[in-house]
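Dear colleague,

I am handing over the structure we spoke about, with the sequence alongside. Please look through it first; my notes follow below.

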Amino acid sequence: MSNPLVSIVMVNYNQERYIGDAIESVLHQSYQNWELIVVDDGSTDRSKEIIQSYADERIRPYFLEQNRHICYATNYGFAKVRGEYLARLDSDDVWRPEKLDRQVAFLEAHQDEQVLFTKLDIINEKGEVVNDEKRDLYELYNSRHENRKDWIRFFFFVGNSLIQSGMMMRTALMREIGDFNLAYMQAHDFDYFVRMIKKTGFCFLEEPLIGYRRAEVQNSSYHPENDRRFFNEHMSIRRHFFEDFPDELFVETFQEYFKNPESCTHEELQCEQAFLLEKCIGYSDANPVLGMEAFEKLFQSVEMTALLENKYQFTPKEFYKKNATHQYFQEEDFLKLEQKIKELEAHVSVLLDVKEMQQKHIEALENSLSWKVTKPIRNLKNIVKK
């Protein structure tokens with residue numbers, strides 16, 4: 001029986017509370033031919049001490065002198081991979097003991113398949129399964145689509161629903177896809193999966209072989225810059241969505257959304273892509289800005305301008321009308337949201353104050369002489385009610 005080496009890349013930053021559990025879950029795998037490449041991204045807590053406490057020669061730690069964020073650290077780990085297969089494990093997640101065994105067996109038996117995901121359980125900071133408490137997330141991350149075409153549509157119109165800790169892929173595919181894009185801090189995995197689905201389809205083992213940790217953050221507060229970055233990164237990923245996208249795959253996936261179902265030439269498909277990019281998601285509704293950018297490029301060509309007008313009845317004049325609509329999620333929109341949150345927080349604070357005053361009033365009443373004197377009457381009243 002084949003016994004291929006599995007390279008595991010784990011990136012860590014200040015996860016002293018959980019990284020020991022993550023490493024232990026690798027050590028306890030029933031499949032033992034692995035190497036664990038741990039890239040510590042300049043942690044300032046006890047992470048380095050914990051990592052160095054493991055003497056297993058299969059664990060290969062690397063310590064970056066300064067925090068460079070996850071994409072840089074992951075790419076650093078990718079460069080150290082030696083195995084035939086590559087698996088990822090976040091330093092706060094854990095694997096079930098049979099995870100690697102099941103995935104290696106599947107990929108060895110299905111040589112045409114390139115990447116394999118598993119189901120997951122959601123765990124809290126104590127490692128307890130909390131699927132019921134996090135039902136929406138649980139269903140999202142374990143959702144499936146029928147085929148490659150449906151996954152591409154989901155990525156384009158909705159977003160990501162996959163977790164890296166559940167993935168195993170052939171290292172040759174990782175080399176083909178390339179490194180993580182350093183431009184992305186929050187949506188790096190989404191970008192990687194989009195580039196992956198352009199190369200190959202996905203396979204799934206419907207077993208919960210990972211524990212995906214969602215710890216409750218104490219004293220958390222709203223950070224609008226994270227929302228801005230998240231939105232900007234998702235829009236950027238869609239801006240590049242159709243780059244290196246095979247024409248045949250594009251027709252197969254999106255033809256039913258075409259403005260002209262007969263579109264087939266490369267130039268016609270470029271027009272269809274521009275119309276589709278108008279339908280990219282925004283915070284609540286479709287946001288046309290990416291489509292407008294694509295049309296702007298098309299209008300620089302006399303031939304493409306004529307094609308848009310003759311086949312799609314879309315002229316520069318129609319473009320000017322669209323360009324007068326609201327396209328960008330502007331700073332003032334975030335400020336309005338922030339103000340609304342502050343108003344709601346103030347309202348909640350008032351309600352809590354009222355509740356506290358009422359509680360004190362009740363306690364004062366219960367301690368009063370009249371309350372004690374009338375206690376037998378209240379007891380009798382309750383007996384009568386029963």
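To begin with the overall make-up, how many helices and strands does the chain have? The model, which is a predicted one, has 17 helices and eight strands. Of the 386 residues in the chain, 44% are buried, and the chain exposes about 21,300 Å², of which carbon and sulfur atoms supply 50%. Among contacts with a separation of 6 or more, 73% are between residues 24 or more positions apart.

The eight strands form an open sheet with mixed pairing, in the order 3-2-1-4-7-6-8-5, and its edges are strand 3 (59-63) and strand 5 (94-95), each of which pairs on one side only. Within this sheet, strand 4 (residues 85-88) and strand 7 (residues 167-170) run antiparallel and are joined by three bridges, with Tyr85 standing opposite Arg170 of strand 7.

Turning to the interior, the largest nonpolar core holds 65 residues, and Phe155, Met169, Met196 and Phe202 are the ones that touch the most other members. Apart from that core lies another, of 36 residues, which includes Tyr85, Leu100, Val104 and Ile122. Leaving aside residues up to four places away in sequence, the residues that Met169 touches include Tyr85, Leu86, Val115, Ile177 and Met196.

Helix 9 (residues 224-239) has 16 residues and spans 22 Å from its first C-alpha to its last, close to the 22 Å expected; its buried residues include Phe231, Glu233, His234 and Arg238.

The whole structure contains 15 salt bridges, and three of the pairs may deserve your attention. Arg60 and Glu35 meet through their side chains at 2.6 Å, N to O, and this pair links strand 3 with strand 2 (residues 34-40), the two residues being 25 residues apart. Both partners fall under the 20% cut-off for burial, because Arg60 has a relative accessibility of 15% and Glu35 one of 2%.

Glu206 forms a salt bridge with Arg144, with the closest N and O atoms 2.9 Å apart; Glu206 is in strand 8 (residues 203-213), whereas Arg144 is in the loop between helix 5 (135-141) and helix 6 (148-157). Here Glu206 is partly exposed, at 45%, and Arg144 is partly exposed, at 26%.

Glu256 and Arg153 form a further salt bridge, at 2.6 Å between the closest N and O atoms. Glu256 lies in the loop between helix 10 (247-254) and helix 11 (266-277) and Arg153 in helix 6, so the pair ties together parts 103 residues apart in sequence. Glu256 counts as exposed, at 59%, whereas Arg153 counts as buried, at 14%.

With best regards

Methods. Residues numbered from 1 in each chain as written. Predicted model: local features only at pLDDT ≥ 70, side-chain atom pairs only at ≥ 80, totals over all residues. Heavy atoms only, no water. Helix = DSSP H or I, 4+ residues; strand = E, 2+ residues; numbered from the N terminus. Buried < 20%, exposed > 50% of the residue type's maximum accessible area, 1.4 Å probe, protein only. Contact = heavy atoms within 4.5 Å. Areas by Shrake-Rupley, 256 points an atom, 1.4 Å probe, with all protein chains shown as cover. Pairing = 2+ DSSP bridges. Expected span 1.5 Å × (residues − 1). Core = buried A, V, L, I, M, F, W, Y, C linked by side-chain atoms within 4.5 Å. Salt bridge = Lys/Arg side-chain N within 4 Å of Asp/Glu carboxyl O.
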